[in-house]
Amino acid sequence: MERGRQFDQQLDHLLRSPDEFAGGSLLLLAWRDFKAYNDEHGYAAGDALLRRTAEVLGATCGPVARLLCRLGGADFAVLVNETGRPAVTELAQRILHGLRPATEHGAAPGRHLADIGLTLCHPGEPAGIILGRADQALRAAQQGGADAFAWAHEAAPMAPQGSAGARAWRRRLQR
């Protein structure tokens, strides 16, 4: 697993290299109430939960994973070489199913849940835009029920180039 900053750099590199990366999907996974989990079960149990999460992600995504990273805290990111929504949806369901036993040791049902935000990635897209979409999808999933996942809305149009483009995106994001 790579650390968050290295993940950002490698994601950016892949998006700028269409000969290396023809497209895929980004999955952001976050545990709800991880601090409460640590408080109730202790830091050793929290560390074990994070290790189990990494194991499940590696085992489930291994064949199609391009990048796999713990971003920090209880947040993980996986870039997969798959662009088919049905296949990526199934992958998210398998991840969530694989994580259920990790929370069953003494946790109150429905309290400590993992959620996943999903978005498609296209070569040439800015990494920040993709991460933003995945984060919005993750927030939507967290509004859902137990162990939820959500897809981001379709890709936003490409940003105009240059400083005028940066200002346009800043205004658009502020709105």
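Hi everyone, let's start inside the fold, with phenylalanine 7, which sits in helix α1, residues 4-15. Please keep in mind that we are looking at a predicted model. Phenylalanine 7 is buried, with a relative accessibility of 0%. Its C-alpha lies 7.8 Å from the C-alpha of leucine 68, although 61 residues separate phenylalanine 7 and leucine 68 in sequence.

Now let me step back to the whole chain. The protein chain has 6 helices and 6 strands. Read from the N terminus, the order of elements is β-α-β-α-α-β-β-α-β-α-β-α. There are 175 residues in the protein chain, and 45% of them count as buried. If you take contacts between residues at least 6 apart in sequence, 71% of those join residues at least 24 apart. As for the outside, the accessible surface comes to about 9,100 Å², and carbon and sulfur atoms account for 51% of that.

Next, let's walk along the chain from β2 to α2. Aspartate 33 is in the loop between β2, residues 24-31, and α2, residues 34-41. Aspartate 33 is not a glycine, yet its phi is positive, at about 50°. Is aspartate 33 buried or exposed? Partly exposed, in fact, at 44% relative accessibility.

On to α2 itself, where the buried residues are Phe34, Tyr37 and Asn38. Why do we say that they line one face of the helix? Looking down the axis of α2, the buried residues fall within an arc of 100°, so one face is what they line. Their cover includes β2 and α3, the latter being residues 43-61. After α2 comes glycine 42, and here too phi is positive, near 95°.

That brings us to α3 and its partner α4. In general, a pair of packed helices is described by the angle between the axes and the distance between them. For α3 and α4, the angle is about 145° and the axes are 10 Å apart. The crossing of α3 past α4 is right-handed. Which residues make this contact? From α3 we have Arg52, Thr53, Val56, Leu57, Thr60 and Cys61, and from α4 we have Leu91, Arg94, Ile95, Gly98 and Leu99. By type, the residues of the α3 and α4 contact divide into 6 nonpolar, 3 polar and 2 charged.

Let me pick one of those out for you, cysteine 61 of helix α3. Cysteine 61 is buried, with a relative accessible area of 0%. Leaving out residues up to four places away in sequence, cysteine 61 touches Val56, Val78, Val80, Leu91 and Ile95. Two of these names, Leu91 and Ile95, you just heard on the α4 side of the helix contact. Cysteine 61 and arginine 94 are 33 residues apart in sequence, with 9.3 Å from C-alpha to C-alpha.

One last stop, still in α4, which covers residues 85-99: threonine 89 is found in this helix. Is threonine 89 buried or exposed? The relative accessible area of threonine 89 is 19%, and the cut-off for buried is under 20%, so threonine 89 counts as buried. Setting aside neighbours within four places in sequence, threonine 89 is in contact with Phe149 and Trp151.

That's my tour, and thanks for listening!

Conventions:
Residues are numbered from 1 along each chain as its sequence is written. This is a predicted model: local features need pLDDT of at least 70, side-chain atom pairs count only at pLDDT 80 or more; totals for chains, interfaces and linings use all residues. Side-chain values use heavy atoms; hydrogens and water are left out. Helices (H or I, at least four residues) and strands (E, at least two) are DSSP runs, numbered from the N terminus. Buried means under 20% relative accessible area, exposed over 50%, partly exposed in between (1.4 Å probe, protein chains only). Contact means heavy atoms within 4.5 Å. Accessible areas come from the Shrake-Rupley method with a 1.4 Å probe; for residues, only the protein chains shown count as cover. The arc is that of the directions from the helix axis to the C-beta atoms. Axes are lines fitted to C-alpha atoms, for helices over the stretch in contact, and angles run from 0 to 180 degrees between N-to-C directions. A crossing is left-handed if the near helix is turned anticlockwise from the far one by less than a right angle, and right-handed if clockwise. Ala, Val, Leu, Ile, Met, Phe, Trp, Tyr, Cys and Pro count as nonpolar, Asp, Glu, Lys and Arg as charged, and the others, Gly among them, as polar.
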